[in-house]
Amino acid sequence: MTQSLSSARVDLNPHQVDAALFALRSPLSRGVILADEVGLGKTIEAALVIAQRWWERRRKILLIVPASLRKQWAQELFEKFALPSTILDGATVKERKKAGEDRPFASEAAIIITSYEFGGRQSEELARIPWDLVVFDEAHKLRNVYKADAKARAVKLREALKAAPKLLLTATPLQNNLMELYGLVSILDEHFFGSPEAFRAEFGSRTDTAGLGVLGARLKPISVRTLRRQVQRDGLIKYTDRRLKTYDFTPRKIEQELYDAMNRYLQRDDTLAIGQNGRHLVTLMLRRILGSSSFAVAQTLSKIIARLERRQAIDADTLNDLDDQATTNDEWAEADGEADVDALEDTNDDDLAGQDGTKLSAEIAELKGILAMALSLEGNAKADALVGALPQVLDEIVARNGQRKVVIFTESVRTQAFLRDKLEANGFAGQVAILNGSNADTQSKAIYRDWIATNAGTGRISGSKTADMKAALVDAFRNDKTILIATESGAEGINLQFCSLLVNYDLPWNPQRVEQRIGRCHRYGQKIDVTVINFINLENRAEARVFQLLEQKFNLFSGVFGASDEVLGAIESGVDVERRILEIVQQCRHAPDIDAAFDQLQLELQFDIDQAKKDARDRLLAEVDDKVVDRLKSARDGVKKRLDGFKAHLAILAKGALPGARFHADHPGRFDYEGKTWTTEWPEADERGWQFFRLIEGSLAADLVAATKATPPLAVQELTFALDQYDGNLSDVANLKSKSGWMQATRLRLASNAQTEDHVILTGQSDGGQIVHVETLARLMLVPATAGATDLPDEEALAALNAMTVAEADRLGAEAQTRLGRYLDEESQKLDLWREDARLSFESEIARLKKEAKQKTSASRTPGMALDAKVALQREAASLTREADAMNRAYYERMSELDSEVNRILDEVVAKLGLEPTRAPLFVARWRVV
C-alpha cells in the first residue's frame, strides 16, 4: 500500500494506515467497520483503501454518503489522492441516459458517489453490478436495518449490495442497544451472526464483562476503533476546543414590521403562491430567506409577485437565492420527504389560472406591501452588530496566535453580496472574498484567472472549473484575504483549518448543517481553539429558542472536539429536527406558546447516551490503550521507513530512466527535468510550485514505471559496482569488495482468485561458489554501476542460479499458502460460529416453549379450578408441546441445511485460494564490486 501512501497529499497518521491495512488484511473479507472516534480521519482511512483498489485496477467502486457530503468526498478524493469521481443523482443519470449512456452506475472511469436516498431508489440497478468495493459513510444510518420492512431504504441497499466487499464508516456504531451492532454487521455479512433472534438470545441482554468480552472477540476480525485519547497519548494529534460568543441585537422598528408581516403571510395555509403541494419544503426555504436579510426577502418577493402576476405558483427558480437548494431537496428526500421535493421540482401544478381572481389580486397587493417595506430598508441591525464586533474579535484571535481571518456563513447569495459591500465599506476594503455555487462575480473570476496562471503545470489544476474555482478562492483567503463569506453550497468540500473564527450570520435549524459549517474550521490541523459567533435577535423568541436547542441539546458551539458527535450520531436525520422547528414556528403565534412547544421538543430529544453506553461501545470495539499506543508507535516508525524507501526507489528509477534529469546534490528525491523541478515530497511541491513526483495514473512516474516494466529481458552484461560512489554505509555489500560472481533476477507471480502477489527474486553467488544473500543483492543494486560486455555464464553457474531461484520461489509460495490458510481458518471459524448461533437460537426457543407448556400444565392442576378453565390450560400446554416438538424437528432439518451451506461456502473459498505460480526472467548479469 506504500504506493497509495506516497502519492497522497495528506499528513498520514499511523492509526489511519493501521485501519486501512486492517480493511485490506484478508482477501476473503466481506468488509469491515471502521469506527474511529470523530476527528481521527475515517475518510482518509477509507480513501487509502479506495486508492489501493483503484491502482489494482479493481475500479467498480461505489460510495453511498449523506447528500450533504457528496461534494466533500469528491473533492477530498481528487485533491488528496488524485482519484476521479462522479456524483450520480436523478438529474445526472437522466442527462447521461439522454446522451446514450444506458448504465451510468457501471462506469469504471470514475468512482461513483451517490446519496442514500438515490442509492435506495436505484437499488435494482446497483444489484446488477459486480462491485469491487462499496463504502457507506455515516453508516449508523443503517443500524436499525434488522427491524425494518422489505421496502425500507436500508433493506433495499443491503439486499442489492449483498455480494460486494464493503466498508462501513461510523463513529457511533452503537447508540442505544447491541442489536444496532447486529444490524450493521448484517449489512457486511449475512453469515457472520445468526438470525436476530439468535443474536438477541445470546447477547441482547448481556451487560456483564464476560458477555461483552465474548461479543468483542467475535467482532474483532471485522471492526476496528481507535479513540482520541489513544492517539493523543502517542503525541500525534492535538485537539482544540470551541469557544462560543453571542451578540444580541435589536432590529429596527421597520425591520421588525417586515418580519411580522412576512411571518403572518407564511403562517397562513391558504396562500396561492406557496400552493398546496410541497408546502412544507417551500415554506421552510422562505423562512430561511426571511431569517437572512431584508435584501434576500426583497429579491425573492419580486420573483414571487412576478409569478403570481403570470398566475403561477412558486417554483424552484423562485427560491434560487438559497445556494444549496439542490442539497436541501436531497436531504428532505433522504428523510422521507420525497413528496415535497417532487412537488417543488414538478412544474405541472404551478398554474393558477383557475384560481379566484379577487383572492389572487389581494395576495399580490399584500406581497407588494411587504416588498415596499423590504426595499425601504437601507441598513440591517444584524450587519451593524457584525461590523462592530469583528475588529475586536479578530484582535483576540491574533492574540491567541491565530491568523487574522474569519469565515462568515449565510444561506442567501443576495445577503452574501450585501455583506461583502458592507464590510468593504467599513474597514475591510480589498480584504473580502465570497464563495458560492457559481461565483460569477467579477472579483471571483479575476482570482480564478490568476490562480490558473500561477498553478499551470503543477498538477493542482483539476480541469473542473467548479473545483478549481473553489481551490482558487480558498487559496486567496489563505494567502491574501481576511474575510471569506460562504454559502453552504460554496463551502462543501473545503477545509479551512487555518482559520479559527467562524460567524453564523444566519443560523440553520438543521443541527447537522451547523456542525458541517463549524467542521470546515474545527478539524484536524487546527492550531488554536475555534471561536464561533452567533447573533441573537432579542425580538424573536423562536430564534432564541433554536439557538438554545443547538447550544445546549446538541453541544455545537463549545466544549471539546467531537462533543456534538455523540448527539448528532443519535439522530437519524437533522431534517427531522428542522421539520419539528418549522411546525412550531408555523403554528405558534405568541411567546408562551413558542416556549411550551420548544420545551416539549427538548423533552422529545432526550438522547439516551450516558457514559455507561459509551464505555460499553469502547470496550466492545476498541483495544486497550497501552496495546494500541505501542502498536501505533511501532507503526509510525514502520510507515516512515517504508515511505522513505519507496520514494528513494522511485528517485533511483528516475535516475536510470531519465538521462537528461539533473538531480539536486542536497536532496536525493529532487531533480530538474525539461524546465521543471520535481520532488517526491508533497508539501514541498505545493509550497514551492514544483511538480509532485508520485506514482499516479498519467504521471511522469507512472509512465517511467510502465516503460521499464515493458522492457524485454536484458542481454547478459557485466555490472561493475563502485562502492565509493554510494552515499552511505552498506556493510554487507562492503564484504563483497574486490569479489565477483553471477546474479539472476526473476519475476515471480503468485496468482489466486482471492489475491495476487508479485515478487522479484534475486539470487547470486561469488566465483568461489559462496551464495550471496538475497537482501545483500538487493542492497547491491542501490550502488552506482557501469555496464559492459561479458561472456555468457557457464552451465554450472546458470544451473546454480536457477536452483536457488526455484528454491526461493518455493519458499515464497509456501509462505503465501500459509497466509491463505490462515484466512481459510478464519472463514471456517466464522461459519462454525454462524452454525452455533442458529443452534442456540433453536434451543432457546424450544426451551421457552417447553417452559411455558410446563407452567400451563402446573396451573391446570390448581385445586378448585373450574373444569373448562382446566381443559383450556391443558390444551394450551399440549399446543405448546407440539410446537416445541415441531421446532425440534425443524432444528435438525435446519442444522442439516446449514451443514450443506457451510460446505458449499468452504468449497467456494478453497477454489479462490488455489495459487498458480509463474516465473519470468528479468536478467542474468556478471557482477563485480570495486
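This presentation walks through one protein chain, from its overall make-up to a few individual residues.

Good morning, colleagues. The model before you is predicted, and I shall begin with how confident the predictor was. The mean pLDDT of the protein chain is 86, and 94% of its residues reach 70 or more. Confidence is not uniform along the chain. It is highest in strand β5, residues 133-136, with a mean of 96. It is lowest in helix α26, residues 563-568, where the mean is 64. I would ask you to keep helix α26 in mind as the place of lowest confidence.

Let me turn to the overall picture. The protein chain has 930 residues, and 53% of them are buried. Its secondary structure comprises 36 helices and 23 strands. Measured out along the principal axes, the C-alpha trace would be described as spanning about 110 × 95 × 55 Å. Among contacts with a sequence separation of 6 or more, 77% join residues that are 24 or more positions apart.

I come now to two helix pairs. How do helices α13 and α14 pack? Helix α13 covers residues 253-267 and helix α14 covers residues 279-290. Their axes lie 11 Å apart, at an angle of about 175 degrees. The two helices are therefore roughly antiparallel to each other. On the α13 side, the contact is made by Tyr 259, Met 262, Asn 263, Leu 266 and Gln 267. On the α14 side, the residues are Thr 283, Leu 286, Arg 287 and Leu 290. Sorted by class, this contact has 5 nonpolar, 3 polar and 1 charged residues.

The second pair is formed by helix α35, residues 795-860, and helix α36, residues 867-913. Here the angle is again given as about 175 degrees, and the axes are 7 Å apart. That angle makes α35 roughly antiparallel to α36. The contact between them divides into 25 nonpolar, 7 polar and 14 charged residues.

Within helix α35 I should like to single out Leu 812. Is Leu 812 buried or exposed? Leu 812 is buried, with a relative accessible area of 9%. Setting aside residues up to four places away in sequence, Leu 812 touches Leu 748, Leu 750, His 759 and Ile 761. For a sense of distance, consider Leu 812 and Asp 356, which are 456 residues apart along the chain. Their C-alpha atoms are separated by 85 Å.

A second residue to examine is Arg 631, located in helix α30, residues 625-657. Arg 631 is partly exposed, at a relative accessible area of 27%. Which residues does Arg 631 contact, leaving aside its neighbours within four places in sequence? They are Asp 18 and Glu 623. Arg 631 and Val 134 are 497 residues apart along the chain, and 28 Å separates their C-alpha atoms.

Next, the loops. Ala 82 sits in the loop between α4 (70-81) and β3 (85-87). Although Ala 82 is not a glycine, its phi is positive, at about 55 degrees. Ala 82 counts as buried, with 18% relative accessibility. Arg 311 belongs to the loop between α15 (294-309) and α16 (325-334). The phi of Arg 311 is also a positive value, near 55 degrees, in a residue other than glycine. Arg 311 counts as partly exposed, at 30% relative accessibility.

One further loop residue is Ala 99, found between α5 (90-98) and β4 (111-115). At 71% relative accessibility, Ala 99 counts as exposed. Ala 99 and Pro 66 are 33 residues apart in sequence, and their C-alpha atoms are 27 Å apart in space.

Finally, the cysteines. How many disulfides does the structure hold? The number is 0. A disulfide is a covalent bond between the sulfur atoms of two cysteines. Why does Cys 499 not form one? The closest cysteine sulfur to that of Cys 499 is in Cys 521, at 4.2 Å, which is too far for a bond, because the two sulfur atoms would have to be within 2.5 Å. Cys 499 is also buried, with a relative accessible area of 0%. Another cysteine, Cys 588, counts as buried as well, at 14% relative accessibility.

That concludes the presentation. Thank you for your attention.

Technical notes:
Residues are numbered from 1 along each chain as its sequence is written. This is a predicted model: local features need pLDDT of at least 70, side-chain atom pairs count only at pLDDT 80 or more; totals for chains, interfaces and linings use all residues. Side-chain values use heavy atoms; hydrogens and water are left out. Buried means under 20% relative accessible area, exposed over 50%, partly exposed in between (1.4 Å probe, protein chains only). pLDDT is the predictor's confidence in each residue, from 0 to 100. Helices (H or I, at least four residues) and strands (E, at least two) are DSSP runs, numbered from the N terminus. Axes are lines fitted to C-alpha atoms, for helices over the stretch in contact, and angles run from 0 to 180 degrees between N-to-C directions. Angles under 35 degrees count as roughly parallel, over 145 as roughly antiparallel, 65 to 115 as roughly perpendicular and the rest as oblique. Contact means heavy atoms within 4.5 Å. Ala, Val, Leu, Ile, Met, Phe, Trp, Tyr, Cys and Pro count as nonpolar, Asp, Glu, Lys and Arg as charged, and the others, Gly among them, as polar.
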